[in-house]
Amino acid sequence: MKLFVVYIVYMVYIYRKLEIMTTFKFIEIKDCGHTSCPHCGAEGRYIYTWEMDGKVCSAMAGCYKALTGKLEKGEDVRYFELLAEKQAKNKPLNGWDKNIMRLQGFLAEGKYSAEWVNAKIAQVLSERKMFLAKKRW
Ligand SMILES: [Zn+2]
């Protein structure tokens, strides 16, 4: 079984709805070759892993979307989901993606402080957001 692991910077989002707080962390997407969904048992290839209220869950894309699609994850988490998907499926990466991956590499190597790297990642994400907002005009 070919195992390709994509590690994503832990992002924590807290949302409030009817005074219920759910914490959500997107963790990774794994290309497991031929496998089955840990949630429903359907056959598939890509396994998503995330953490919800402190519980780590795994499922294939369809179940992941059904289970977490209603959460207000925020634009940053949606971006990291997209990036992990591109990496797992070997899709072409753009300049923002490469920049973020380089910064995540720094984080993994411990080359710079997590605080500095996370600030840089936030900066790249806000530049991307500004660029996309301008494009929409
Ligand atoms: Zn499933």
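## Turns, helices and a core

Asp-53 has just 10 C-beta neighbours inside 10 Å, so this residue counts as exposed. Keep in mind as you look around that this is a predicted model. Asp-53 sits in the loop between β3 (43-52) and β4 (55-60), and its backbone is a bit unusual: phi is near 50°, a positive value in a residue other than glycine. For context, most residues other than glycine have a negative phi.

Asn-90 tells a similar story. This residue lies in the loop between α2 (75-88) and α3, and here phi is near 55°, again positive in a residue that isn't glycine. Asn-90 counts as exposed because it has 9 C-beta neighbours inside 10 Å, and the cut-off for exposed is 12 or fewer.

Follow the chain onward from that loop and you get to helix α3, residues 95-109. Here's a quick sanity check you can do yourself: at 1.5 Å a residue, the 15 residues of α3 should span 21 Å, and the C-alpha atoms at its ends are 21 Å apart, so the two figures agree. Just after α3 comes Gly-110, with a positive phi of about 70°.

Next up is helix α4, residues 114-135. The axes of α3 and α4 come within 9 Å and cross at roughly 170°. Angles over 145 degrees count as roughly antiparallel, which means α3 is roughly antiparallel to α4. Who does the touching? On the α3 side, the contact is made by Trp-96, Asn-99, Ile-100, Leu-103, Phe-106 and Leu-107. On the α4 side, look for Ala-114, Val-117, Lys-120, Ile-121, Val-124 and Arg-128. Sort these contact residues by type and you get nine nonpolar, one polar and two charged.

Now for the inside. In soluble globular proteins, nonpolar side chains tend to be buried together. In this model, the largest nonpolar core has 20 residues. Within this core, the residues with the most contacts are Tyr-46, Tyr-48, Met-60 and Phe-80. Both strands and helices chip in: β2 (20-36), β3, β4, α2, α3 and α4 each supply at least two residues. The largest share of the core comes from α2, with six residues.

Tyr-46 is a good place to zoom in. Leaving aside neighbours within four places in sequence, Tyr-46 is in contact with Ile-29, Lys-30, Asp-31, Met-60, Ala-61 and Ala-88. One of those partners, Met-60, is also among the core residues with the most contacts.

Key: Residues numbered from 1 in each chain as written. Predicted model: local features only at pLDDT ≥ 70, side-chain atom pairs only at ≥ 80, totals over all residues. Helix = DSSP H or I, 4+ residues; strand = E, 2+ residues; numbered from the N terminus. Expected span 1.5 Å × (residues − 1). Axes fitted to C-alpha atoms, helices over the stretch in contact; angles between N-to-C directions. Parallel < 35°, antiparallel > 145°, perpendicular 65-115°, else oblique. Contact = placed C-beta atoms within 7 Å. Nonpolar A, V, L, I, M, F, W, Y, C, P; charged D, E, K, R; others polar. Core = buried A, V, L, I, M, F, W, Y, C linked by C-beta atoms within 7 Å.
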